[in-house]
Amino acid sequence: MKYTHIAGTGGFLPEKVLTNHQLEEMVDTSDEWILERTGISKRHIAEDGQTTCDLAEQAARRAMEAAGKGSYDIDLVIVATTTPDQVFPSTACLLQQRLGIHGCAAFDIQAVCTGFIYALGVADNFIRAGSARCALVVGAETLSRIVDWSDRDTCVLFGDGAGAVVVEASDEPGIISTRLHADGEYESLLRVPGGISKGFDKEAGMGAFVEMRGNEVFKMAVTTLGRIVDETLGHNGIGKSDVDWLIPHQANIRIIKATARKLRMPMDHVVVTVDEHGNTSAASVPLALDTAVRDGRIKRGETLLMEAFGGGFTWGSVLLKY
Ligand code: UT7
């Protein structure tokens with residue numbers, strides 16, 4: 001049996017920080033409201049001209065260094081992003097060029113906040129099928145570019161950043177299972193309605209920015225993530241107490257706490273970065289993973305459950321032995 005093993009992790013956040021107090025100057029909100037309703041106190045924002053690929057490159061370099069891998073080792077590049085640098089080539093191809101990787105498959109995955117979980121699921125299948133041996137999997141976003149900074153319902157929630165892992169074929173587990181889902185029925189609850197084909201008018205703010213029915217998304221996120229926990233444990237025949245760490249998508253501390261309760265996981269075994277990063281969409285899970293690996297909380301051999309929920313709706317989980 002061949003497993004997909006995480007050889008190294010990396011993360012990168014742009015230097016510029018936007019605090020809740022700064023947001024109070026921009027829209028009718030308060031630090032108290034944002035903290036209480038979301039758990040967010042600040043988020044990082046890319047500078048003008050700093051792109052998703054710029055963030056992805058730094059996270060990828062750190063992951064490759066942690067894994068002890070060079071550009072010649074990588075034979076698959078996947079970037080999960082909703083905010084690519086350009087229409088084409090894909091951000092994965094742009095990243096490949098930056099890193100001096102030549103010839104292997106490179107492509108983007110668009111599953112919004114679940115993007116990294118999808119990307120890791122795809123990489124796992126490539127590796128287990130023998131189609132790749134060592135993959136670079138990145139979640140990277142400049143969500144700030146598609147946020148309406150005059151809309152208090154959404155602008156307080158999001159931030160920019162990138163997280164990455166290098167995964168390789170191994171005889172030791174490894175990724176135990178990936179569960180990926182989507183239901184396009186809920187498109188209208190969370191979306192950026194404009195696009196290349198339909199068109200949008202960024203100046204007029206028509207269709208170019210995140211639109212969300214927050215409360216409905218919240219309820220769906222809580223019930224769906226509760227279900228994915230049960231599904232993941234049931235599918236693998238393992239109990240709640242077998243999971244050492246929950247690494248959730250970082251959208252809202254109240255959603256994270258609800259999932260932790262479902263898993264009967266004490267909060268000191270839940271990786272929380274939403275307070276410092278906000279919701280970085282596809283970057284949030286790999287950034288949280290990297291944070292807890294680098295500060296020594298997550299150790300080799302421990303069992304991790306990663307989960308995410310986002311626009312689509314999309315949702316999924318990855319269960320693995322680190
Ligand atoms: O990552 C993809 C998935 N996304 C998510 O999971 C996000 C899910 N949704 C949420 O996290 C929450 O629904 C929000 C944080 C977006 C909103 O929290 P809520 O507890 O659901 O609040 P609400 O939308 O029900 O609004 C409550 C009140 C409203 O005022 P009224 O109508 O009660 O007078 C809003 O207008 O809070 C008001 N409000 C704000 N007040 C101050 C909404 N945004 C703000 C704000 N500052 N930024």
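Tutor: In this predicted model, Arg 264 sits in the loop between α8 (253–262) and α9 (274–277).

Student: Why is Arg 264 called exposed?

Tutor: Arg 264 has a relative accessible area of 67%, and exposed means over 50%, so Arg 264 is exposed. Its phi is positive, at about 50 degrees, although Arg 264 is not a glycine.

Student: Where does Val 112 lie, and what makes it partly exposed?

Tutor: Val 112 belongs to the loop between β5 (105–109) and α5 (115–128). Its relative accessible area is 22%, and because buried means under 20% and exposed means over 50%, Val 112 falls in between and is partly exposed. Val 112, a residue other than glycine, also has a positive phi, near 50 degrees.

Student: How do you know that Cys 93 is in no disulfide?

Tutor: A search of the whole structure finds zero disulfides. For Cys 93, the nearest cysteine sulfur is that of Cys 104, at 9.0 Å, whereas a disulfide needs two cysteine sulfur atoms within 2.5 Å, so Cys 93 is in no disulfide.

Student: And what rules out a disulfide for Cys 113?

Tutor: The nearest cysteine sulfur to that of Cys 113 belongs to Cys 155 and is 16 Å away; since the cut-off is 2.5 Å, Cys 113 is in no disulfide.

Student: Is Cys 113 buried or exposed?

Tutor: Cys 113 has 7% relative accessibility, and buried means under 20%, so Cys 113 counts as buried. Cys 93, with a relative accessible area of 30%, is partly exposed.

Student: What makes the nonpolar surface patch, and why is Phe 88 called exposed?

Tutor: Val 87, Phe 88, Ile 196 and Phe 200 make this patch of about 500 Å². Phe 88 is found in the loop between β4 (76–80) and α4 (91–99), and its relative accessible area of 67% is over the 50% that exposed requires, so Phe 88 is exposed.

Student: What makes the pair formed by the ligand and Asn 252 a polar contact?

Tutor: An oxygen atom of the ligand is 2.7 Å from an N or O atom in the side chain of Asn 252; a polar contact requires N or O atoms within 3.5 Å, so this pair is a polar contact. By the cut-off of 3.5 Å, the pair with Asp 153 is a polar contact as well, because a nitrogen atom of the ligand is 3.4 Å from an N or O atom in that side chain. The protein covers 72% of the 960 Å² of accessible area that the ligand has on its own.

Terms used:
Residues are numbered from 1 along each chain as its sequence is written. This is a predicted model: local features need pLDDT of at least 70, side-chain atom pairs count only at pLDDT 80 or more; totals for chains, interfaces and linings use all residues. Side-chain values use heavy atoms; hydrogens and water are left out. Buried means under 20% relative accessible area, exposed over 50%, partly exposed in between (1.4 Å probe, protein chains only). Patches are made of residues with over 30% relative accessible area and no salt bridge: like charges are joined within 9 Å, nonpolar side chains (Val, Leu, Ile, Met, Phe, Trp, Tyr) within 5 Å. Accessible areas come from the Shrake-Rupley method with a 1.4 Å probe; for residues, only the protein chains shown count as cover. A salt bridge is a side-chain nitrogen of Lys or Arg within 4 Å of a carboxyl oxygen of Asp or Glu. Helices (H or I, at least four residues) and strands (E, at least two) are DSSP runs, numbered from the N terminus. A polar contact is a pair of N or O atoms within 3.5 Å; within protein, one must be able to donate a hydrogen and the other to accept it, and residues adjacent in sequence count only if both atoms are side-chain atoms.
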